[in-house]
Amino acid sequence: MKWIDAESTIELYPPTDFHFEECLIFLGRSNQEILHQINGEAVYKLIKVHDELVLCKISFSDGAIKVEFPMTVPSKFAREKVGEFVSEWFDLDKDLEGFYQMANNDKILKNVVSTYKGLRIIGIPDLFEALVWAVIGQQINLTFAYTLKKRFVEQFGECLTYEGKQYWLFPSYEKIAALNVDDLKKLQFTTRKAEYTIGIAKMMAEGELSKKKLLQIKDMEQIESSLKQIRGIGAWTAHYVIMKCLRDPSAFPISDVGLHNALKEQLGLERKPTIEEIEDYAASWTGWQAYATFYLWRSIYDNV
């Protein structure tokens, strides 16, 4: 993907089937979100490159994603890393032509895709953040999950203040690896979630687990198997992380409640579909299950 470094700004040129406003709607789905802030038609995001904290203002105009640096112009290396982060965050390198061709011929996805075309899976590039966010969200509603994340980030994350507003980074696994269970229980983590979170942090701190190692596996079933060996990681969490962090479009969190609710709504069902029924509905989604799921998730926001 083409992008231009103009020092004080960088510009990324996404594919034509990219809709920034749709992506902003997803990013703005919770007023509890602490890791980015939407102001007008721009999203502000704090990124750390080695020891350099970079505040980014990300907007869209004239066919380009524009990244401005409101505080100070970062180093050339940091700008490159910011460009890579934004590209990965918005999944800009993925060619979605095959997905749209499939979806336009699918009775469930056809209307959803035409309504939200240009939406991309907004990722979680950091593996530790992706795993912990998935663990936090297990068996609780989304509102409380955001509350827990906010407490966790404010307690253990890094912060930068600009024009009276605070911008936060997700806590590092090094910092969390040094905690004990009671440190997280004070934030209303359950004992198990606290154990899982610290356990993941320790695995990463000791080099047993990394994004690079997982990506080297290549086969998604083997990646899923590897993730499920981690305490606290089941099939849903593994597929969520493969979808949002490792970027495999065939990841399929089939047991996801949001997916079930969306299918119930789209199909006008009296009850949520069973896993077997979902497998039948998804028979033609092969290779694009993650995108089908993400678009169905998006459809729920219009009915809330």
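This report describes the nonpolar cores, one enclosed helix and two strand hairpins of a predicted model.

**The nonpolar cores**

The largest nonpolar core of the model has 100 residues, and those with the most contacts inside it are Ile58, Val67, Phe90, Phe99, Leu227 and Trp285. Helix H5, which spans residues 127-136, supplies the largest share of this core, with nine residues. Apart from this core lies another, made of seven residues, among them Leu46, Leu55, Leu160 and Tyr167.

Two of the residues named for the largest core can be followed through their contacts. When neighbours within four places in sequence are left aside, Phe90 is in contact with Phe18, Phe20, Cys23, Leu27, Ile58, Arg120, Ile121, Ile122 and Arg247. Leu227, for its part, is found in helix H11, which covers residues 220-228. Is Leu227 buried or exposed? Its relative accessibility is 0%, and because buried means under 20%, Leu227 counts as buried. Not counting residues up to four places away in sequence, Leu227 touches Leu131, Leu214, Ile233, Ala238, Val241 and Ile242. As for its distance from Asp256, the two residues are 29 residues apart in sequence and 18 Å apart in space, taken from C-alpha to C-alpha.

**An enclosed helix**

Helix H15 runs over residues 289-301, and 11 of its 13 residues are buried, so this helix is largely enclosed by the rest of the structure. The buried residues of H15 are Gln289, Ala290, Tyr291, Ala292, Thr293, Phe294, Tyr295, Leu296, Trp297, Arg298 and Ser299. Which helices are among the elements that cover the buried residues of H15? The cover includes helix H1 (20-27), helix H3 (97-103) and helix H4 (109-116), together with helix H12 (235-244) and helix H13 (257-267).

**Two hairpins**

The table sets out two strand pairs with their bridges.

| Strands | Residues | Sense | Bridges |
|---|---|---|---|
| E3 and E4 | 36-39 and 42-49 | antiparallel | four bridges |
| E7 and E8 | 159-162 and 165-168 | antiparallel | four bridges |

In the pair of E3 and E4, His36 has Lys45 of E4 as its bridge partner. The hairpin of E3 and E4 has two residues between the strands, and Gly40 takes a positive phi near 65 degrees there. In the pair of E7 and E8, Tyr162 has Lys165 of E8 as its bridge partner. E7 and E8 likewise form a hairpin with two residues between them, and in its turn Glu163 has a positive phi of about 50 degrees.

Key:
Residues are numbered from 1 along each chain as its sequence is written. This is a predicted model: local features need pLDDT of at least 70, side-chain atom pairs count only at pLDDT 80 or more; totals for chains, interfaces and linings use all residues. Side-chain values use heavy atoms; hydrogens and water are left out. Buried means under 20% relative accessible area, exposed over 50%, partly exposed in between (1.4 Å probe, protein chains only). Contact means heavy atoms within 4.5 Å. Two strands pair if DSSP finds at least two bridges between them. A nonpolar core is a set of buried Ala, Val, Leu, Ile, Met, Phe, Trp, Tyr and Cys residues joined through side-chain atoms within 4.5 Å.
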